[in-house]
Amino acid sequence: QLQVVESGGGLVQPGGSLRLSCAASGFIVNTRAIGWFRQAPGKERAGVICLDSSGAIQYYTRAVEGRFTIFRDNAKNTVYLQMNSLQPEDTDIYFCAVAPSGSCPLYVSSWNFWGQGAQVPVSS
């Protein structure tokens, strides 16, 4: 019953913006920490940014500072990743994930469950 589904991925040009959605069902998003991760072919999945259950950004990687943000719409039970000033090195599959509590775990293996991913190619 518990799941998250990503949407909004697709081709974007360098310098462009994209908003990904993480729609939750079977649970209420403001009871858990929700994180966004990304993974390139042949690379390990890496954390991007995390929102705790209070609505505070608890973590973000320096690579996206000033360009990406995370926010939540409780009425829609959805968490979003807003990506601005996208660069080719941002090309990845992006995943949202659900934590076992309201705090953001430090390690990928600590997250409870994951969406299927959204492809984000950044290319001209």
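A residue counts as buried here when its relative accessible area is under 20%. In this predicted model, aspartate 92 comes in at 7%, so it falls on the buried side of that cut-off. Aspartate 92 sits in strand β8, which covers residues 92-98. Its side chain has a polar atom 3.0 Å from the backbone nitrogen of alanine 40. Setting aside neighbours within four places in sequence, the contacts of aspartate 92 are Arg38, Gln39, Ala40, Ala118, Gln119 and Val120.

One of those contacts, Arg38, is worth a look of its own. Arginine 38 belongs to strand β3. With a relative accessible area of 13%, arginine 38 is buried too, because that value is under the 20% cut-off. Its side chain takes part in a polar contact of 2.9 Å with the side chain of aspartate 90, and in another, of 3.0 Å, with the side chain of tyrosine 94. Beyond residues up to four places away in sequence, arginine 38 touches a run of others: Glu44, Arg45, Ala46, Val48, Ala63, Val64, Phe68, Asp90, Asp92, Ile93 and Tyr94. Both polar-contact partners, Asp90 and Tyr94, turn up in that list, as does Asp92.

Next come β4 and β5. These two strands run antiparallel and are joined by three bridges. Across the pair, leucine 51 stands opposite isoleucine 57 of β5. Together β4 and β5 make a hairpin, with five residues lying between the strands. In the turn, glycine 55 has a positive phi of about 95°.

That leaves the question of empty space. The largest pocket holds about 180 Å³. It is lined by 14 residues, and those closest to its centre are Gly47, Tyr59, Pro105, Leu106 and Tyr107. Three elements supply two or more residues each to this lining, namely β3 (34-39), β4 (46-51) and β5 (57-60). The two strands of the hairpin are thus among these contributors, along with β3, the strand in which arginine 38 is found. The biggest share comes from β4, which gives four residues to the lining. As for chemistry, the lining of the largest pocket splits into 12 nonpolar residues and two polar ones, with no charged residue among them.

Terms used
Residues numbered from 1 in each chain as written. Predicted model: local features only at pLDDT ≥ 70, side-chain atom pairs only at ≥ 80, totals over all residues. Heavy atoms only, no water. 1 Å grid on protein atoms, 1.4 Å probe; cavity = no way out; pocket = protein on both sides within 12 Å on 5 of 7 lines; lining within 4 Å. Points joined across faces, edges and corners; volume = space filled by probe spheres on them. Nonpolar A, V, L, I, M, F, W, Y, C, P; charged D, E, K, R; others polar. Buried < 20%, exposed > 50% of the residue type's maximum accessible area, 1.4 Å probe, protein only. Polar contact = N/O pair within 3.5 Å; in protein donor to acceptor, adjacent residues only side chain to side chain. Contact = heavy atoms within 4.5 Å. Pairing = 2+ DSSP bridges.
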